[in-house]
Each structure stands twice: as structure tokens, then as C-alpha cells.
Amino acid sequence: MNFNDATLIYGGPGTGKTTRLLEIVEKEIENGTPASLIAYVSFTKKATEEAKMRAAEKFSLEKEDLNGFRTIHSLAYNSLGITHNMVMQKEDMNEIGSALGLTFTKRTLEEGFIPAAREGDKFSSLNDFARSRTLPFDEVWDKFGRDVNKWAFKQYCETLRQYKQDNNKLDYTDFLHKYLTDAGVTPYHVAIIDEAQDLSTLQWRVVQKAFSNCDRVYIGGDDDQSINTWAGADPTIFLNIQGKKEILKHSHRLPESVFNVGIDIVNKIKVRQPKDYEHTGKHGHVHFISDASYADIANGEWLLLARNHYMLAPLIELVKMRGISYTSRNGVSVNQDHVAAIKHWERLRKGAELLGSDIRHLFGYKHNKCPRVADESLYTAHELELDVSKIWHDALTRIPVAVRSYYLSILKQGNKLDEPPRVAISTIHGAKGGEADNVLLCTDMSKNNQLGYEQQPDFEHRVWYVGATRAKEALHIVGPHGIRSYPVPLN
């Protein structure tokens, strides 16, 4: 099937794009298309897994019935019969790094520019970007890599290529290249491509080949939210497809005031698909504050956003000082193993019996030697001759002092250590697809992002559009603390 005959579904923030795509799945199944002959692919595993879960629940199917719901890389992997031992692992990269004097931390271009910490990360990111966009390495180096040694970069690319050839290894980008040369078209009758704005040039070529025999193709996305160009995403391909266009008309997330901020930002983007959609009908709130500390984060659901990872540190410190638990890319701020040990200790202090396995866990956070216990037997502190006169904060000394103090501050605020956090802290990129009642948006930009803004303003407009449109009720815009910032409009 020619993709110019596809149905294009554009969905702005909160317009229910995934719901609409699943409605298409439902209609196809009702019209007699077996679920096993429907493909639902995306750039990320998160998107395909969410769709698979919702489809399985809605249509009373087993996940095995939905094998076509997978990432594009997984589609290639499955079609080619690649085995796990053929895939490049951390140990392989370490071997290459050892030979070239490079280290790899798996940092990515998530913030929209080549990471500065490690030369190995720069080389890896440049290499992946060039291959995903099918661009010559010299061209990519000229545009993004001027701060790295060109000869060393080429040496890395050649060493990586030779290592994979000698050891019969493939990386994820190789899956796609190999699919184009070695695999045939898929057997699916219907193909749904989600998050189309995030597909790279190479991924577009794969899906165009894979689904060329499909009877119907549906392509969903939002070019205005294409902020993964660091990974090779090319929204212009999506924009240039001449299919039947469907614009989802109603945002179920954005109140009027937040909606208007988003519209003011998105209208600055020069190359885009215009979308006429409506807000929720609620008014909502937009506030400008000079510092994040003025936000009342003591109550409600919050998403705290900054442009770069290093800008999150002050937000984390603020939340900790307020005695609030939070989530970040490192997980939940309160270690639940710590919480279990605290509960075990306090139960012993109250005279309760504890399993031997729990005693062992508890003593993992005490400097004392663990008594001899049997895992399935019950013990009291008295039976074990334990001094339980100290509260957990003074007894569990292998939990760092700063961490114990943080936990105490949470408890002093009347909060529980084991309740789900209502505050999330993230970069804008990390929050894509997320939402919260209250969003705090820090407007500072790094030197690299400011330079990128001057050279390719559309990219930064998209990033800040995504950031501003996470808010369901109130958007709190934090004024800049440095000399570089994005001018988020106020209404």
C-alpha cells in the first residue's frame, strides 16, 4: 500500500489519540479482521505496551493474540530471527572502549544536543544519529560534532563496525538496516503506526516496506510534539505524507488558560500541520512566579519540569526540604527496602513477633551483627536479647544520615513513607506523554540549547510546547535565574 493512501490522525495534547487508534482496532475486529493480522507499532515500548494492555482488556484478548503490537525495532528483530547472543551488550561496548580509551555511560541526546560528559557518549550518539537519519558521518560531524576529534570519531565508527562484523553482533540500528536488506513484507492486513512524529528516516523506510501489502494503514501522531530529533526523528516525513487527514477536535486535558499558552507557543513553529482543536471548557490557571519556592507544592498533584537534567537538582533539594516524597528518572525518592526495615524495627519495639527473614533484612541496615535465626521462625526482641530502646532513626545507622533526616521530615509533615508520591520531577523530554493537575515549568535554558534555539527555533518551540501542555489545571511558569531562558508567553 502506498502510504499516501493512508489515514493520518493528528492528535494534540490530551485529545485521546491512543483511544482513537484503539477505536480503529475495535472497528477492524468487528468487521472481521483477526487481531493476529493487525499490527500496532511505535517508536517506544511504552506506547505499544499501553496499547496492547488496553486492547487486551477492551476486547477480552490474550496478549499473545496481539503479537503485532510491538516497537519497530522488535518487529525487525522478530522478523529476522535474531537471537539474544547476537545483540551488542554492555560488555561489548566496554571492550571497544578499552581498545580506544573511551568510556560509555549510556547518556543520550535526550536534552537535544550532544552530551558533554564523555567522549564515548558523544561518538555513540553521533554514530546512532547518522545511521538513523541515513546521513554521511562527515555531514553529521560537521553539523554536531565540531567539539570532538574528527579522526577519533571516524576511528570509533570503523572499530565498532569491524567489531560487529568479526563477532557476528548487531545493535538496534542494525536491526533496521538488516530488515531492509534481508526481510520481506509482513503478513498483516492492517497497520497502525503510533507516535509517527518520533520515527527516524530509517524507521520510516522499515514500516513502508513492512506494511506495503496492507489493505489499510493508519498513522497517528502530532508533529508539534516531535522532540526526539536527538534520536533521529524526522517529523518532515510525517508532514509530507499525502493521506486522508483526521484532526482530533477536543483536548480532555487542557483548560482554557493553559491551552492559550500552548497555542501561543505552537503558532511560532514555521513548519507544521495546523490543528484546530478545543480546550476542556474549564478556565484553569496560569501563574508566573520568580522562584520555584513560591509554589505551594504541599498539596495536590505536581509535575516539576526543567529543560536539562542538571537543572533538576534545585527542584529535588526544594522538595526534600519540604518533606515531600517524589519520583524522578531514578525512581521513587523513598527506598521501600528502608521502609520495610523501619517497620520491622518499630514492630519489634512494640513487642511484636518477626520472622527470621525479616530480622535478616532489618540487620542489613544495622551495624550490629545479625543474631542467628531461622527464616520461617518467629522471634521477639526479648527472645533475641535485642536492645530496642532506640527509635529507628537512631538504630538503623546503615541508612545514611541525610536519608534518615529526609524520611523524618516527611513524617513530620504528616505524610507516610509508603504512600505513592504525588510529586514528579523530570526534564521536559522525560515527561512527554505525562500530565499532572499542577505543572511547574522552569524557563532557564543551557548555553547549548540557546544556541540550538537560534539555529533551529522550531525544535525549541516544540520542546516548550510539550512542557506547557502537561498541565490539567494550573501551569506555574518560573522566571529565569540565569541569562538564558525561553520566553514562555503569559495570558
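Which side chain meets that of Asp224 in a salt bridge? In this predicted model, the partner is Arg272, and the N to O distance is 2.7 Å. This pair links distant parts of the chain, 48 residues apart. Asp224 sits in the loop between strand 5 and helix 10 (235-240), while Arg272 belongs to the loop between helix 11 (256-266) and strand 7 (285-289). The two ends of the bridge have their own surroundings: Asp224 is buried, with a relative accessible area of 1%, whereas Arg272, at 22%, is partly exposed. The cut-off helps here, because buried means under 20% relative accessible area.

Let's step back for a moment. Side chains of opposite charge can pair when their charged atoms come close. The structure holds 30 salt bridges, so there is plenty to look at if you have the model open. Some of these bridges share partners: Lys17, Asp194, Glu195, Asp198 and Lys432 are joined in this way into one network.

Now turn to strand 5 itself, which covers residues 216-221. Arg216 lies in this strand, and its side chain meets that of Glu28 in a salt bridge, at 2.7 Å from N to O. Glu28 comes from helix 1 (residues 17-30), so the pair ties together parts that are 188 residues apart in sequence. Here Arg216 is partly exposed, with a relative accessible area of 31%, and Glu28 is buried at 6%.

For a bridge within a single element, have a look at helix 8 (residues 172-182). Asp182 forms a salt bridge with Lys178, and their closest N and O atoms are 2.8 Å apart. Both residues lie in that helix, with their positions 4 residues apart in the numbering, about one turn of the helix. Asp182 is partly exposed at 46% relative accessible area, and Lys178 is also partly exposed, at 28%.

Finally, follow the chain back to Ala6, which is placed in the segment before strand 1 (7-10). How far apart in space are Ala6 and Val217, C-alpha to C-alpha? They are 5.0 Å apart, although 211 residues separate them in sequence. Val217 is one of the residues that Ala6 touches; leaving aside residues up to four places away in sequence, the others are Met1, Ile219, Gly243 and Lys244. Ala6 counts as buried because its relative accessibility is 1%, and buried means under 20%.

How values were computed:
Residues are numbered from 1 along each chain as its sequence is written. This is a predicted model: local features need pLDDT of at least 70, side-chain atom pairs count only at pLDDT 80 or more; totals for chains, interfaces and linings use all residues. Side-chain values use heavy atoms; hydrogens and water are left out. Helices (H or I, at least four residues) and strands (E, at least two) are DSSP runs, numbered from the N terminus. Buried means under 20% relative accessible area, exposed over 50%, partly exposed in between (1.4 Å probe, protein chains only). Contact means heavy atoms within 4.5 Å. A salt bridge is a side-chain nitrogen of Lys or Arg within 4 Å of a carboxyl oxygen of Asp or Glu.
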